[in-house]
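Dear colleague,

I am passing on the structure below, and would be glad if you read it alongside the notes that follow.

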Amino acid sequence: MKISNYIDKRLIYFLKETTKEEALHNVVRDSLKIKELPDGDKFYNAICEREKIVSTGIGMGVAIPHAKLHSYHDFFIAVAILERGVDWGAMDGAPVRLIFLIGGPDDKQNEYLKILSLLTGALRDENLRKEMLTATRAEEIIKLFEGL
């Protein structure tokens with residue numbers, strides 16, 4: 001299992017949004033349209049409800065919003081690099097510039113936990129995060145995650 005297997009270069013965004021709400025809305029909307037996934041409103045609402053429970057800002061300038069629905073068959077990861085950090089209510093208080101939106105089926109918890117573990121492990125690498133922040137093309141992001 002590799003993180004790169006779940007990242008589609010069409011789901012890599014370079015955003016200028018200035019709020020958490022704008023960023024989430026645009027990443028979710030565009031990802032669902034590109035992937036042609038059903039239940040877009042349900043997915044978006046599940047993401048927002050999850051954020052109300054506890055922020056998905058894990059620290060280090062990273063957020064991992066996620067939701068699982070019965071109608072989804074496969075996992076996907078959308079990646080957004082924000083031009084400026086936004087307040088996400090992260091555990092360390094740092095603004096978020098890197099968003100990894102995870103979506104997938106609600107009946108594959110083990111696969112979900114493996115994806116999350118691989119992703120958070122990779123993101124502990126400060127050099128990886130720095131390189132992501134200087135990337136200007138989706139292909140650069142894909143290359144950073146090849147082999148992970």
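Which residues does Leu123 touch, not counting residues up to four places away in sequence? With contact meaning heavy atoms within 4.5 Å, Leu123 touches Met60, Val62, Ile64, Phe100, Leu128, Arg129, Met132 and Phe145.

Please bear in mind that this is a predicted model, in which local features need pLDDT of at least 70, side-chain atom pairs count only at pLDDT 80 or more, and totals for chains, interfaces and linings use all residues. Residues are numbered from 1 along each chain as its sequence is written, and side-chain values use heavy atoms, with hydrogens and water left out.

The largest nonpolar core (buried Ala, Val, Leu, Ile, Met, Phe, Trp, Tyr and Cys residues joined through side-chain atoms within 4.5 Å) has 25 residues, of which Ile77, Val79, Phe100, Leu123, Met132 and Phe145 touch the most other members. At least two residues each come from strands S1 (7-15), S5 and S6 (96-105) and from helices H3 (109-123), H4 (126-134) and H5 (138-145), these being DSSP runs (helices H or I, at least four residues; strands E, at least two) numbered from the N terminus. Helix H3 gives the largest share, five residues, and a second, separate core of 23 residues includes Ala23, Val28, Leu32 and Leu101.

Ile77, found in strand S5 (residues 76-86), is buried with a relative accessible area of 0%, where buried means under 20% (1.4 Å probe, protein chains only). Beyond its neighbours within four places in sequence, the contacts of Ile77 include Ile3, Tyr6, Phe100 and Ile115.

With best regards

How values were computed
Buried < 20%, exposed > 50% of the residue type's maximum accessible area, 1.4 Å probe, protein only.
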